[in-house]
Each structure stands twice: as C-alpha cells, then as structure tokens.
Amino acid sequence: MELRQVRYFVAVAEELHFGRAAERLHIVQPTVSQQIRRLERELDLKLFDRTTRTVTLTAAGRAFLAHAHAVLEAERSALEAMAALHAEQESTLRVGTTTGLGLRLDAVLTALTERAPQLLVELVSAPRASRLQQVRDGELDAAFVRGADAHSPGLEFLPLWRDSLVAALPAGHPLAAPPHVPLADLAGLPLRIAPRDTNPHLVDTVVGACRAAGFEPVMGAAFTTDQDTLAAIATGRPSWTVYYASQARIQLAPRVSFRPFAAPAPAVRTYLVVRPHSPSRRLAALLDACNSLAREEGPGEEGPEEGGQGEEG
C-alpha cells in the first residue's frame, strides 16, 4: 500500500466522483482509477460501487475511510515534526570544544552573538578523535582543536590563533629570577609534560623547540594534574613544565614562577575544523567571530587559554 493510494482513495470517497477527485489531486482521472483498483486488489476488498452515474462507498470502503484519515493525519504530523526539527537544526550551531578554551571561547561566542543573534549554539565536549569524526560525519558543524593532522581525509583545518607557551619553574630557582628564560638554559632540568599519546602536538612542539635550541630534553615524571605537577615542581627536585601563557596568569601556584621563553618562544596553533566546501551561513558567522578575535590579539599572541596538558585540544 502506498500513501498516494490512500490519498487518492480519500479524495474519491469525499468527492464521490473520480473526475472531481482527479481535478482536486491535479492528476488525470485514469491514474486515480488505476491506483484505486490496485488498492482494492491489495486489500482484496471492493471499496466503491461504481455505476455510469454514481460512485458510492461500500461497507468496506466506509470502514477503511476512518483508517485512511488516520494514516494521512499521521503523515501530516510526521512531516510537521520533521519540519520543526529541520528548522531547529538550521538555527543551531553544533561546535566541538575541549577543556582549555575558557575565556577565549566566551569571547568567540560573544562575537558570534553580535553577528548572528538568532543562532543557538550547542557545545559538545569530546576527545579529539571523537570530535574530528563527528565533524566528518556531520554530527558537528565545526570543532576547535590544537595542531593540524597531516592525514585527516574529509576535513579542513582553518588556522585561527597561536597560543604561546611559558615555563613553570620552582620560584626559588635561579632561572626564575630573570624576566625571560632562554630555552637552552633548561637543558639540565627534567621536563614534566603529558605523555605524547594524549597530547602529541604539545609534546612535539616543546621537544622540537628544545632540539632547535640545541639539546634533547630530559624527561621527568609525566604531567598529571595542575595541582600535583605544580606541587612537585615547587617542593621536589628542580624540574620544569610548560603552560599556556594566559593559563599561567590565572593559575594559583605561589611557589612556582611562570616565565616567558626568550624568543623564539614555542607556541601551538589552534584550528577550527570543518568539512571542506560546506560553509553554511551560520558557520561563516562562527569563522568570522574567530577571525575577529585572532585579529584583535595579533600574530603570535596568546589568548585567554585555560586548561592543563592532559588531552590535546
């Protein structure tokens, strides 16, 4: 049974005339007659008594009419529900985030509201791999990540801002006294950093900067939590770690000093990941909001980034 057959049946039942039903449906009369005959064959029941002058419903036809109305009402309800869902999705921007966007995310959302006040933003926090797959599958419109992946088919990485790193050192250590720390001076101290498999872009950035400064970093205990790692740096054998500069400005650690690196300071690029060639109007508004923030900060500046090293953005 097809919905069009049910629709044709209701039209004929209400008009009691095949010609008028065809006009109402904007189709030719033979099509209506053909589909009604097919419906009767499928039901194995005669729905209409036809003469050269009149068309009347049979008892089976009268019984089927109530069910036909219910079927068409269910169709209308389903279409209305799907239309409402489509409208909601069209006005909702689904963005993948990670711990660490902090005040920068708030600044982007504020700029987005100014550009597209009708948009509803749904934020989804998930591991990096999951965020990328959800963008690829269309479950997310976009996602923030740190560091581009060389092999990410079906995705486009749009560069946004660079987040500068600073050194976290014991407050009493001689290297904590000057306003800047040459990276090469840290060669003898163990580096506490997240395992590479949880944050490869950060680890590769820091290790690459150390090698460019002429040394291979001595790896100490892994970075675990802000509290435990900074407490170990403050009270244990001298060691160091890295923080995003703006995170360091709000991090409570009275016995740890955060010092900028002497130029060139290592930094990690943040990207907005989208599907290629599919920028919707609402996605364009998000990208414009992100770019406006990047322009305000200027090249190479860090923004109000928050969050530890645990998992890469």
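Where is phenylalanine 215 found? Phenylalanine 215 sits in the loop between α7 and β8 (218-219); helices (H or I, at least four residues) and strands (E, at least two) are DSSP runs, numbered from the N terminus. This is a predicted model, in which local features need pLDDT of at least 70 and side-chain atom pairs count only at pLDDT 80 or more, while totals for chains, interfaces and linings use all residues. Residues are numbered from 1 along each chain as its sequence is written, and side-chain values use heavy atoms, with hydrogens and water left out.

**Around α7**

Let us stay with phenylalanine 215 for a moment. Its relative accessible area is 10%, so it is buried; buried means under 20% relative accessible area, exposed over 50%, and partly exposed in between (1.4 Å probe, protein chains only). Phenylalanine 215 and leucine 183 are 32 residues apart in sequence, and 9.3 Å separates them in space, C-alpha to C-alpha.

The helix before that loop, α7, has 13 residues and reaches 18 Å from its first C-alpha to its last, close to the 18 Å expected at 1.5 Å a residue. The expected span of a helix is 1.5 Å times one less than its number of residues. Pro200, His201, Leu202, Val203, Val206, Val207, Ala209 and Cys210 are the buried residues of α7. Glycine 214 follows α7 and has a positive phi, near 100°.

**The nonpolar core**

The largest nonpolar core has 23 residues, and Leu169, Leu186, Val206 and Trp240 touch the most other members. β6 (156-170), α7 (200-212) and β9 (241-244) each supply at least two residues of this core. The largest share, six residues, comes from α7. Here a nonpolar core is a set of buried Ala, Val, Leu, Ile, Met, Phe, Trp, Tyr and Cys residues joined through side-chain atoms within 4.5 Å. In soluble globular proteins, nonpolar side chains tend to be buried together.

Two cysteines can be described here too. Cysteine 210 has a relative accessible area of 0%, so it is buried, and cysteine 290 also counts as buried, at 0% relative accessibility. A search of the whole structure finds zero disulfides, a disulfide being a pair of cysteine sulfur atoms within 2.5 Å.

**α1 and the largest pocket**

At the start of the chain, helix α1 (residues 3-15) has 13 residues that should span 18 Å at 1.5 Å a residue, and its end C-alpha atoms are 18 Å apart, which agrees. Gln5, Val6, Tyr8, Phe9, Val10, Ala11, Val12 and Ala13 are buried in α1. Leucine 16 follows α1 with a positive phi, near 50°.

Leu16 is also one of the residues lining the largest pocket, and the others are His17, Phe18, Gly19, Gln29, Arg50, Thr51, Thr52, Arg53, Thr54 and Val55. The volume of the largest pocket is about 180 Å³. By class, its lining has three nonpolar, six polar and two charged residues. Ala, Val, Leu, Ile, Met, Phe, Trp, Tyr, Cys and Pro count as nonpolar, Asp, Glu, Lys and Arg as charged, and the others, Gly among them, as polar. On a 1 Å grid over the protein atoms alone, a pocket is an open set of points where a 1.4 Å probe fits, with protein on both sides within 12 Å along at least five of seven lines; lining residues have an atom within 4 Å of a point. Grid points are joined across faces, edges and corners, and a volume is the space filled by probe spheres set on the points.

**Loops and backbone details**

Two loop residues have a positive phi although neither is a glycine.

| Residue | Phi | Loop | Relative accessible area |
|---|---|---|---|
| Histidine 26 | about 65° | between α2 (18-25) and α3 (29-43) | 72%, exposed |
| Aspartate 44 | about 60° | between α3 and β1 (48-50) | 66%, exposed |

Aspartate 185 lies in the loop between β6 and β7 (190-191). With a relative accessible area of 42%, aspartate 185 is partly exposed. Aspartate 185 and leucine 175 are ten residues apart in sequence and 7.8 Å apart in space, C-alpha to C-alpha.

A cis peptide bond joins alanine 263 and proline 264, with omega about 0°. Proline 264 belongs to the loop between β10 (256-260) and β11 (267-274).

Finally, leucine 132 lies in helix α6 (residues 128-136) and is buried, with a relative accessible area of 7%. The C-alpha atoms of leucine 132 and glycine 154 are separated by 9.6 Å, and these residues are 22 residues apart along the chain.
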